[in-house]
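Reader: Could you take me through the salt bridges of this protein, please? I would enjoy a close look at that one part.

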Amino acid sequence: KLHKNAEYDKAFGEYSIDVGSLGGGNHFLEIGYDEEEGRVFITVHTGSRGYGHKIGTKHMKVAADIHKSLVAEAMHGLSAKDHPEEFQAYLVDYSSAIEFAYANREVIMSNAIACLSTLFKKDVKAEKVGECLHNMLQVNHYGTYYLHRKGATVAGPSNIVIIPGNMRDGIIIGEGLSNKEGLYSCSHGAGRILSCSPDKTL
């Protein structure tokens, strides 16, 4: 069930066309085959699309207006203690964006499974391996502060980590090693040497 609020209702009407789409950048859908297990894996990498970008832009401006400083520095000051109303508004919008992204991935995955069923002329069954977020807000283990993970996934002892590699080696699915010094994090991808545009010409 999607988180409902006035901002979400307005944005959902505007961005509902995005539901079921990957978007640009490094977002992708990949179908891979594990030769050892004899299993097919479908991986979807996408987010909250234009809706999430709108929310981020909105609250970055709120923080900048509060502090009249650089946007990057301003976000450090948008705290629950000093600006409770603004911070709570951000949390509400953030929650709806996370659920928007979740709904988007569910639709994409459902469509991918339906396409495979049509291709193989049989009812393809699938089970979910895990959900792995890398742009998220997380309360730390002691509940004393929020940690914004930008490009870093949670890699605690019970967390599934999904790390895209390359088109040759596929995707790594593993478990977190709970590195406290690294804030229980791991990378969310192998990175790449070239951007998407030059890659198309190779």
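Author: Happy to; here is a walk through the salt bridges, pair by pair. This is a predicted model, in which local features need pLDDT of at least 70 and side-chain atom pairs count only at pLDDT 80 or more, while totals for chains, interfaces and linings use all residues. Residues are numbered from 1 along each chain as its sequence is written, and side-chain values use heavy atoms, with hydrogens and water left out.

Side chains of opposite charge can pair when their charged atoms come close. A salt bridge here is a side-chain nitrogen of Lys or Arg within 4 Å of a carboxyl oxygen of Asp or Glu, and the count comes to eight.

Let's begin with Arg 49 and Asp 18, whose side chains meet at 3.7 Å, N to O. Arg 49 lies in helix α2 (residues 49–67) and Asp 18 in the loop between α1 (6–15) and β1 (28–34), so the pair ties together parts 31 residues apart in sequence; helices (H or I, at least four residues) and strands (E, at least two) are DSSP runs, numbered from the N terminus. Asp 18 is buried, at 14% relative accessible area, whereas Arg 49 is partly exposed at 25%. Buried means under 20%, exposed over 50% and partly exposed in between (1.4 Å probe, protein chains only).

Next, Arg 105 forms a salt bridge with Glu 131, their closest N and O atoms being 2.5 Å apart. This pair links distant parts of the chain, with Arg 105 in helix α4 and Glu 131 in the loop between α4 and β3, 26 residues apart. Arg 105 is buried at 13%, and Glu 131 is partly exposed at 32%. Both belong to a salt-bridge network with Glu 106 and Lys 128.
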